[in-house]
Amino acid sequence: MADETLRGRTADTLADRAYRAIRDAITIGELRPGQKVTERGLAERLSVSPTPVREAIRRLEQDGLLERTGPRTVQVATFGDVAIQDLAEVEVALRGMVARFAARHASPEQLDQLDAVLDEADDLLILIKQRQKAGQELSRHLGRLLDAMQRFNEVVESCAGNPVLVRLLDQTRVFSWPERRARLIERISHDAEFGLHRYTSHRALVRALRARDPAAAEALVIEDARGGLGDLLAAPTTPATAPAQP
């Protein structure tokens with residue numbers, strides 16, 4: 001949320017923008033567990049009126065990320081509590097639904113694009129293993145691999161052809177992409193095998209999409225998403241740092 005301003009956005013999207021900005025500030029550690037914040041302070045930080053911030057706070061209270069401490073004050077809830085676990089289950093379910101819709105609506109061009117992203121990721125994975133064996137630095141190449149997989153996820157979401165569903169998913173993500181990326185790089189840097197047992201599921205997902213098999217696509221994504229979020233939620237929470245650049 002640092003240096004972020006919502007000035008100039010249309011009125012009907014300000015609450016959504018404020019919600020995402022505050023949620024991201026919580027997940028990346030700019031706003032720490034137990035820290036008290038005010039509607040006025042957040043509004044000034046985002047350069048908007050208190051009205052969209054008030055709506056964003058209400059939604060974040062429902063998510064369990066903020067707790068009311070006074071008429072105009074709230075505090076950041078403890079990270080990793082039951083509310084976060086519940087939010088993770090919602091994210092997992094929505095990602096499964098995205099895959100189900102993608103199996104129905106993906107175009108041949110989109111499916112080819114998914115294969116192309118995975119080909120790129122395969123090449124990067126080989127390079128990463130070679131550099132690891134040689135004792136060379138990995139973070140830049142890990143960043144490129146993770147960015148490729150993020151593009152894969154974005155193409156899957158576009159395959160779904162359901163902007164409302166994708167918007168709901170975006171609003172319920174436990175981690176913003178910068179925080180997820182930073183955490184993954186940290187975990188993989190310490191454990192080169194972290195998450196690799198789920199990597200092959202991406203090829204299987206493309207096969208399910210090509211076969212127009214919504215149930216198989218949904219099951220694959222749910223298993224992968226549940227495992228990935230579970231691993232990241234189990235990781236120690238560290239203060240936010242700037243993510244490595246690809």
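So, the hairpin: β2 and β3 make one, with 4 residues between the two strands. Bear in mind as I go that we're looking at a predicted model. Strand β2 covers residues 66-68, and 3 bridges tie it to β3, with the two running antiparallel. If you want one pair to click on, take L66, whose bridge partner in β3 is V76.

Now, β3 has another partner too. Strand β1, residues 36-38, is joined to β3 by 3 bridges, and that pairing is antiparallel as well. Here the pair to click on is K36, which bridges to Q75 in β3.

Which residues of β3 sit on the covered face, and which on the uncovered one? V74 and V76 are on the covered face, while T73 and Q75 are on the uncovered one. Side chains in a regular strand alternate between the two faces of the sheet. Put that together with the bridges: V76, the partner of L66, is on the covered face, and Q75, the partner of K36, is on the uncovered face.

Let's walk off the end of β3. T78 is in the loop between β3 (73-76) and α4 (82-105). Is T78 buried or exposed? Its relative accessible area is 53%, so T78 counts as exposed. What I'd point at on screen is the pairing with P33: the two are 45 residues apart along the chain, yet their C-alpha atoms are separated by 4.8 Å.

Okay, zooming out for a moment. The protein has 11 helices and 3 strands. Reading from the N terminus, the order is α-β-α-α-β-β-α-α-α-α-α-α-α-α. There are 246 residues, and 47% of them count as buried. If you take contacts between residues at least 6 apart in sequence, 77% of those join residues at least 24 apart.

Two residues to look at inside helices. The first stop is D16, in helix α1, residues 11-27. The cut-off for buried is under 20% relative accessible area, and D16 comes in at 11%, so D16 counts as buried. What does D16 touch, leaving out residues up to four places away in sequence? The answer is R59, R167 and Q171.

The other stop is Q110, in helix α5, which spans 108-133. Q110 has 18% relative accessibility, so Q110 is on the buried side of the cut-off too. Apart from its neighbours within four places in sequence, Q110 is in contact with H105, V155, S158 and C159.

Last item, and probably the one you'll want to open in your own viewer: the largest pocket. Its volume is about 1,100 Å³. Where does the pocket lie relative to the domains? Domain 1 (14-76) and domain 2 (81-233) both contribute lining residues, so the pocket lies between them.

The lining runs to 48 residues, and the ones nearest the centre are Q150, N153, W177, R180 and L184. Helix α6, residues 139-160, gives the largest share of the lining, 10 residues. By class, the lining breaks down into 26 nonpolar, 8 polar and 14 charged residues.

So if you're setting up a view, I'd put these on screen: the hairpin of β2 and β3, the T78 and P33 pair, and the pocket between the two domains. That's my bit.

Note on methods: Residues are numbered from 1 along each chain as its sequence is written. This is a predicted model: local features need pLDDT of at least 70, side-chain atom pairs count only at pLDDT 80 or more; totals for chains, interfaces and linings use all residues. Side-chain values use heavy atoms; hydrogens and water are left out. Buried means under 20% relative accessible area, exposed over 50%, partly exposed in between (1.4 Å probe, protein chains only). Contact means heavy atoms within 4.5 Å. Two strands pair if DSSP finds at least two bridges between them. On a 1 Å grid over the protein atoms alone, a cavity is a set of points where a 1.4 Å probe fits but cannot get out, and a pocket is an open set with protein on both sides within 12 Å along at least five of seven lines; lining residues have an atom within 4 Å of a point. Grid points are joined across faces, edges and corners, and a volume is the space filled by probe spheres set on the points. Ala, Val, Leu, Ile, Met, Phe, Trp, Tyr, Cys and Pro count as nonpolar, Asp, Glu, Lys and Arg as charged, and the others, Gly among them, as polar. Domain bounds come from an automatic or database domain assignment.
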